[in-house]
Amino acid sequence: AMKAFHAFCVVLLIFGSVSEAKFDDFEDEEDIVEYDDNDFAEFEDVTEDSVTESPQRVITTEDDEDETTVELEGQDENQEGDFEDADTQEGDTESEPYDDEEFEGYEDKPDTSSSKNKDPITIVDVPAHLQNSWESYYLEILMVTGLLAYIMNYIIGKNKNSRLAQAWFNTHRELLESNFTLVGDDGTNKEATSTGKLNQENEHIYNLWCSGRVCCEGMLIQLRFLKRQDLLNVLARMMRPVSDQVQIKVTMNDEDMDTYVFAVGTRKALVRLQKEMQDLSEFCSDKPKSGAKYGLPDSLAILSEMGEVTEGMMDTKMVHFLTHYADKIESVHFSDQFSGPKIMQEEGQPLKLPDTKRTLLFTFNVPGSGNTYPKDMEALLPLMNMVIYSIDKAKKFRLNREGKQKADKNRARVEENFLKLTHVQRQEAAQSRREEKKRAEKERIMNEEDPEKQRRLEEAALRREQKKLEKKQMKMKQIKVKAM
Amino acid sequence: YKPPPSECNPALDDPTPDYMNLLGMIFSMCGLMLKLKWCAWVAVYCSFISFANSRSSEDTKQMMSSFMLSISAVVMSYLQNPQPMTPPW
């Protein structure tokens, strides 16, 4: 109520100043017409605060304060509402809506009139939540603008990723189709069908499955682009540049690849892979060695199971590939024991060694480190040639006798270690299985309705138990004899 | 030959859409219960981010439900209190 009253005072002040010039408009308002400068004295007692600003001055909103000074146009509607309040409470005569246009020429007048007053009059700022202008909703407008920006970025990012993927595919299509009979199977049909198109998994991940070449089971190419469709990601990338990646995984047939584990790549990538990958951590115990010995640039390092493998792998053509395209190569990993990254299990070690497949893995960085254009995809074509060459090479490369022995020993060692670690668990598992079997049998005997059959089954079970006991006793005796 | 599917990998590789979904729901519930407008707006944002990061194998129903919940939180907040939003600081 106080606020309304203050607002009412403000308006009366305006009326007073205006009435001197525009007498005609206020014919009906006798009360207001009577007011002139002298009558402002009435408000001495009522208003305690001093006039600080003129009502028509427009001040932009400050961030810290809720209240803002109000544009005159905006005040009008509010004052009408406040008039209603004032009317009901104080019984004044009806208020007359006054035109906005009246006040357009009067920016300066109230200044002079208020300065003539003996007593200053407070103009209280109308709080933000009582105003009815669009400006007070600035936060909402900000939010909506933010959402629109996000949507725009989503559309733009999605299209860019799509264009990059298409450009990559167009460049590589010929090479792939000449090497593989089946290009692009998305697994939707039961039989393998060559769709000849990329399979879009995501707005930033595209897959391509190729199959039908002599030595390999198949090749899965995954284009992992940056998340250009997510604005948060885009902003995060401005802090640290990341590249798009092309990941190629070739699954070899068992007979087409010998047993070895080998990796080449940037030092950082190799360190990470050695920690993460099951096979690299088990078979390649040394730290990544520099490849300078074989003519590789310093940026690349080598992780290998044994020196012979490195020698065999680093032939001239491979070295040529690696040196020329070193900036695009993140990692190259050949392994016959590949089982993916280490699995962290809660119950301790898994009971069985994970399945291994003979695989060749390649991770390439797309040049441009984030700011890629479709034409950059052509730069990756020679890398695909390297992949094809590696497939053929893996097929041809065979360890000599020594190497094979060493490799077999390594694998046996790894398996033994694993078995030792899980020995206790496996015992427990076997024990529980045996108990399960016994229980199942007992149940069967119980459920058997025919008493004859029941008896017979019970006897059979008893006999089996006795036999087992005898066997155990025999074994113990044998061990004792051997010990002696 | 069918391309090998990656069963557990999607969730491991990138939990962002799931987190954002959950966060969006929490914020929209807060916004509805506590009548906080900024909660409701943050929920809308979370739901959009979750959608942008989602995998194609993911349920669109989940996405739509989270989106609808956040929109309803915003609308309800404004119906109950049409005043403009005050910054939370």
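Strand 6 of chain A, residues 216-224, is mostly covered in this predicted model. Of the nine residues in strand 6 of chain A, seven are buried. Strand 6 has partners in strand 5 and strand 7 of chain A, and both pairings are antiparallel.

Strand 5 of chain A spans residues 205-211, and six bridges join it to strand 6. One point of register is given by N207(A), whose bridge partner in strand 6 is Q222(A). Strands 5 and 6 of chain A form a hairpin with four residues between the strands. In that hairpin G212(A) takes a positive phi near 100 degrees.

The pairing of strand 6 with strand 7 of chain A, residues 245-252, runs over eight bridges. Here the register can be read from L223(A), which has V246(A) in strand 7 as its bridge partner. When following the side chains along such elements, it helps to recall that in a regular strand they alternate between the two faces of the sheet.

Further along chain A comes helix 8, residues 267-276, where A269(A), L270(A), L273(A) and Q274(A) are buried. Viewed down the axis of helix 8 of chain A, the buried residues fall within an arc of 130 degrees, and therefore they line one face of the helix. The general background is that an α-helix has 3.6 residues a turn, so residues three or four places apart point the same way. K268(A) and K275(A) are on the other side of helix 8 of chain A, and these two lysines are exposed.

What do the buried residues of helix 8 of chain A pack against? Their neighbours in chain A are strand 8 (261-266), helix 9 (278-283), strand 10 (300-304) and strand 11 (329-338).

Another part of chain A contributes to the second largest pocket, which has a volume of about 640 Å³. Its lining consists of 17 residues. Those nearest the centre of the pocket are K438(A), E441(A), A461(A), E465(A) and K468(A). Helix 13 (401-447) and helix 14 (451-483) of chain A each supply at least two residues of this lining. The largest share, nine residues, comes from helix 13 of chain A. By residue class, the lining of the second largest pocket divides into 11 charged, five nonpolar and one polar.

Taken as a whole, chain A has 14 helices and 12 strands. Its length is 484 residues, of which buried residues make up 42%. Among the contacts in chain A with a separation of 6 or more, 71% are between residues 24 or more positions apart.

Chain B has four helices and zero strands, and along the sequence its pattern is α-α-α-α. It has 89 residues, and 38% of them count as buried. For contacts in chain B between residues at least 6 apart in sequence, 70% join residues at least 24 apart.

A local feature of chain B is K35(B), found in the loop between helix 2 (16-34) and helix 3 (37-53). K35(B) has a positive phi of about 55 degrees, although this residue is not a glycine. Is K35(B) buried or exposed? The relative accessibility of K35(B) is 52%, so this lysine counts as exposed, the cut-off for that class being over 50%.

Conventions:
Residues are numbered from 1 along each chain as its sequence is written. Chains are lettered from A and ligands numbered from 1 in the order in which they are written. This is a predicted model: local features need pLDDT of at least 70, side-chain atom pairs count only at pLDDT 80 or more; totals for chains, interfaces and linings use all residues. Side-chain values use heavy atoms; hydrogens and water are left out. Buried means under 20% relative accessible area, exposed over 50%, partly exposed in between (1.4 Å probe, protein chains only). Two strands pair if DSSP finds at least two bridges between them. The arc is that of the directions from the helix axis to the C-beta atoms. Contact means heavy atoms within 4.5 Å. On a 1 Å grid over the protein atoms alone, a cavity is a set of points where a 1.4 Å probe fits but cannot get out, and a pocket is an open set with protein on both sides within 12 Å along at least five of seven lines; lining residues have an atom within 4 Å of a point. Grid points are joined across faces, edges and corners, and a volume is the space filled by probe spheres set on the points. Ala, Val, Leu, Ile, Met, Phe, Trp, Tyr, Cys and Pro count as nonpolar, Asp, Glu, Lys and Arg as charged, and the others, Gly among them, as polar.
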